[in-house]
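I'm opening my notebook on this one and writing down what I look up as I go. Sulfur links come first, then a helix, some charged pairs and a pocket.

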Amino acid sequence: TRIRAAAHQLKTVLVGEQTTRSIIAQQEKVDDAEQMQTDSKIKQFSSDVTGLTKQLAVEKVEVKHLRDQGHQARVSGDDDAVGVTLAALLASSGVQSQLDDWCSHHAACAAVSHQVIKGEKLYARLGRGDSSDASLKWRCYAASALSSDKMTYAGGSEYCTHSSKLENRLSKAMLHLESEHDAEDS
């Protein structure tokens, strides 16, 4: 009878092991499917950002041409649309908050010194400046210089232009996203 009891216990253990292996296999399938979805989303996002970057370069040339022809009113609306689209895309990846954080901690200029001293958030946006510098550039804006939705420049002088620094931060963030994606593929 002890042998039968041991055989019964062994059978129970083997059934439990088989059930556990089945659960693990199912979870691995779910994990693989989730990984494939994540990879697909990252590839799509990277492709979208690359496309927008190329489109932005083309639009900058077009904007310069239009400005040269004196169509300032039309150009301003186009600039805002580009900036809003780019900010929304970057926000969906977490990159926008990184750029905003950089502005809040590193945008040292007289125009936003009051906000920096008070620890107020600054917003990184691709947008226009005042009439003396209305070209499309990366800038760190105080909330008071932005529209109510914080997406576009509304007016005022509470901003600092940091095009090259913010473009470098953006490039690094995009490379980081791509390297994370590549590492997940390995």
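**Entry 1: the first link I checked.** I found a disulfide joining Cys 103 to Cys 140, with the sulfurs 2.0 Å apart. Keep in mind that I'm working on a predicted model. Cys 103 sits in helix 3 and Cys 140 in strand 2 (residues 137-142), so this pair ties together parts that are 37 residues apart in sequence. I looked up the twist too: it is -70 degrees about the S-S bond, which makes the link left-handed. Cys 103 and Cys 140 are both buried.

**Entry 2: the other link.** How many disulfides does the count come to? I get 2 disulfides. Besides the pair above, Cys 109 is joined to Cys 160, S to S 1.5 Å. This one also links distant parts of the chain: Cys 109 is in the loop between helix 3 and helix 4 (113-117), Cys 160 is in strand 3 (residues 159-161), and they are 51 residues apart. I noted -80 degrees about the S-S bond here, so the link of Cys 109 and Cys 160 is left-handed by the sign.

Are its two ends buried or exposed? Cys 160 has 3% relative accessibility and counts as buried, because that is under 20%. Cys 109 comes out at 25%, so I put it down as partly exposed. Numbering the bonded cysteines in sequence order, I wrote the pairing as 1-3, 2-4.

**Entry 3: helix 3.** Next I checked the length of helix 3 (residues 95-106). Its 12 residues at 1.5 Å each should span 16 Å, and the end C-alpha atoms are 16 Å apart, which agrees. I then listed its buried residues: Val 95, Gln 96, Leu 99, Asp 100, Trp 102, Cys 103 and Ser 104. Asp 100 caught my eye in that list, with a relative accessible area of 5%.

**Entry 4: charged pairs.** I counted 6 salt bridges in the structure. What does Asp 100 pair with? Lys 121 forms a salt bridge with Asp 100, the closest N and O atoms being 3.9 Å apart. Lys 121 lies in the loop between helix 4 and strand 1 (122-127) and Asp 100 in helix 3, so the pair ties together parts 21 residues apart in sequence. Lys 121 itself is partly exposed, at 42%. I also found that Asp 100, Lys 121 and Arg 125 are linked in a network of salt bridges.

Glu 17 and Arg 21 make another salt bridge, at 2.6 Å between the closest N and O atoms. Both lie in helix 1, 4 residues apart, about one turn of the helix. Glu 17 is partly exposed at 34%, while Arg 21 is exposed at 56%.

I noted Glu 120 with Lys 118 as well, 3.4 Å from N to O. Glu 120 is partly exposed at 33%, and Lys 118 is exposed at 53%.

**Entry 5: the largest pocket.** I put its space at about 300 Å³. Its lining has 16 residues, and Thr 53, Leu 56, Trp 138, Leu 170 and Ser 171 lie nearest the centre. The elements giving two or more residues to the lining are helix 1 (2-68), helix 2 (72-93) and helix 5 (163-185). Helix 1 gives the most, with 7 residues. I sorted the lining into 10 nonpolar, 3 polar and 3 charged residues.

Methods. Residues numbered from 1 in each chain as written. Predicted model: local features only at pLDDT ≥ 70, side-chain atom pairs only at ≥ 80, totals over all residues. Heavy atoms only, no water. Expected span 1.5 Å × (residues − 1). Buried < 20%, exposed > 50% of the residue type's maximum accessible area, 1.4 Å probe, protein only. 1 Å grid on protein atoms, 1.4 Å probe; cavity = no way out; pocket = protein on both sides within 12 Å on 5 of 7 lines; lining within 4 Å. Points joined across faces, edges and corners; volume = space filled by probe spheres on them. Nonpolar A, V, L, I, M, F, W, Y, C, P; charged D, E, K, R; others polar. Disulfide = S-S within 2.5 Å. Salt bridge = Lys/Arg side-chain N within 4 Å of Asp/Glu carboxyl O.
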